[in-house]
Amino acid sequence: MTKTLIRTAAACAVLMATAGCSNVEPWVKPYERDHLADPIMALDMHPVATAYELHVWDAREGARGGTGGAGGGCGCN
Amino acid sequence: MPSRHFDFAILLLLLTLLPGALCATVLPEDRADVLYHRYEGGGVTIDGPSVLLRKQVGKNFSLSANYYLDMVSSASIDVVTTASPYTEERKQGSLGVTYLYGNTLMNVGYTRSDESDYAANSLNFSVSQDLFGQMTTVTLGYAVGWDEVGKSNDPEFRRDVDRQQYSLAVTQIVTRSLIMSFAFDAITDEGFLNNPYRSVRFLAADQPAGYQFEPEVYPNTRTSGAGAITARYRLPWRAALHGSYRYFSDTWGIESHTGEIGYVHPWKYGITFSTRYRHYTQDQADFYADLFPRSNAQNFMGRDKELSTFQSTTIRAGASWEFVSDGWSVIEKGSLNLFWDRIRFDYENFRDLRVTGAAPGEEPLYGFDADVVQLFVSFWF
């Protein structure tokens with residue numbers, strides 16, 4: 001599983017390295033993003049609360065990860 | 001820390017430096033959050049503060065720092081049936097640096113957590129790149145962790161745990177009102193992964209209760225994968241609807257599904273209400289049993305209820321009040337926030353051993369309610 005992810009990540013890194021944003025025409029123009037710029041549309045409106053909630057779940061559930069970025073250890077036993 | 005993983009992180013950094021500045025990507029906002037948190041349920045009370053600061057330095061750097069404290073008072077079902085109630089503290093500190101280069105954000109962070117019998121360290125790297133006219137953001141992450149496990153009643157006891165985490169996240173603007181993200185994490189653990197205090201129980205006809213306890217034995221390795229999809233939609237009136245789904249599985253045989261839906265509604269006087277519903281289910285680990293047939297019944301044995309088959313549901317009510325919206329002194333904006341979550345845990349094969357008189361394995365199933373309260377103030381400057 002880890003090898004597959006490394007390959008996928010490396011492919012994405014190459015994509016990021018070779019893709020510019022000028023070649024693809026954005027179908028939502030910058031001036032059409034007023035709704036998306038509204039603070040209530042932030043994917044993480046309250047970072048300090050989100051970090052705490054992840055800790056609450058990690059300590060009480062078997063599942064972990066899938067939260068959108070690299071994070072640290074739980075520190076709970 | 002294996003060197004090949006650092007090589008991987010450096011490769012990511014170098015590759016993402018290549019595109020150069022094509023569109024305007026910005027550093028995270030300068031802000032400060034001071035939070036009081038309280039968890040109460042199942043005989044456990046945990047509360048304490050958390051402080052999060054983020055400040056831009058120069059044009060290209062943003063620094064972040066977090067201090068977090070858990071004050072634990074535990075008389076959980078595990079504790080009252082196999083040990084004694086206890087109190088303890090867990091302190092955690094984090095430092096991070098974010099560097100902006102063209103369309104790329106690079107982040108490095110370190111976290112240290114200390115308890116009387118457990119210390120955890122982690123170092124994380126991530127690279128985030130805006131693509132296609134800032135319609136798409138791709139984030140790659142890697143974290144390495146190293147923990148030291150102790151035992152309060154045995155000063156000689158010391159075990160290690162090594163962790164690695166690989167992350168990929170893609171955020172996509174779909175329409176003028178819809179944004180979606182996909183995230184995948186692979187995590188590997190190696191070392192002493194069980195709780196040194198927890199026990200499994202097995203049938204023992206010569207005991208008054210009909211059963212006896214012995215220490216848990218877990219595998220020394222665990223690898224897990226989690227994939228999640230999240231969507232956030234701006235409704236025709238000023239409100240946001242959001243939902244997410246996560247699938248998880250690991251090499252211990254645990255499989256879980258998590259679904260969540262929520263609604264955010266700004267009202268008058270700078271007040272915003274929010275609510276959400278979350279449902280979580282999981283199947284048990286292969287080596288979990290509430291009651292083993294005999295001592296040392298198999299090579300790996302666990303009776304941690306977090307490894308059992310169970311489900312939980314969470315309902316939230318929350319409100320935020322923006323008490324500074326037009327700037328005051330150096331503060332651009334300030335908000336006061338209160339969130340309350342009620343969580344119900346229902347275990348399908350973890351039994352309540354506080355109930356006496358029942359035959360072993362016939363005790364009622366365990367379940368409990370927990371209340372989670374967060375009160376915090378946020379400032380943007």
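In this predicted model, residues 69-77 of chain A keep a pLDDT under 50 throughout. Over that stretch, the model nevertheless has 40 contacts beyond four places in sequence. For chain A as a whole, the mean pLDDT is 73, and 57% of the residues score at least 70. Confidence also varies between the elements of chain A: the lowest mean pLDDT, 58, belongs to helix H1 (residues 2-18) of chain A, whereas the highest, 94, belongs to helix H3 (residues 47-60) of chain A.

The secondary structure of chain A consists of three helices and zero strands, and the order of its elements from the N terminus is α-α-α. Chain A has 77 residues, of which 36% are buried.

In chain B, the strands described here are E4 (residues 86-101), E5 (residues 104-115) and E6 (residues 118-131). Strands E4(B) and E5(B) run antiparallel and are joined by 11 bridges. Within E5(B), B:Asp114 is the residue that stands opposite B:Lys91. The two strands E4(B) and E5(B) form a hairpin with two residues between them. In the turn of this hairpin, B:Gly102 has a positive phi of about 60 degrees.

Strand E5(B) also pairs with strand E6(B), again in the antiparallel sense, over 12 bridges. Here B:Asn107 has B:Ser126 in E6(B) as its bridge partner. The connection from E5(B) to E6(B) is a hairpin through two residues. Strand E5(B) is thus paired with E4(B) as well as with E6(B).

Terms used:
Residues numbered from 1 in each chain as written. Chains lettered and ligands numbered in written order. Predicted model: local features only at pLDDT ≥ 70, side-chain atom pairs only at ≥ 80, totals over all residues. pLDDT = per-residue confidence, 0-100. Helix = DSSP H or I, 4+ residues; strand = E, 2+ residues; numbered from the N terminus. Contact = placed C-beta atoms within 7 Å. Buried ≥ 20, exposed ≤ 12 C-beta atoms within 10 Å, placed from the backbone. Pairing = 2+ DSSP bridges.
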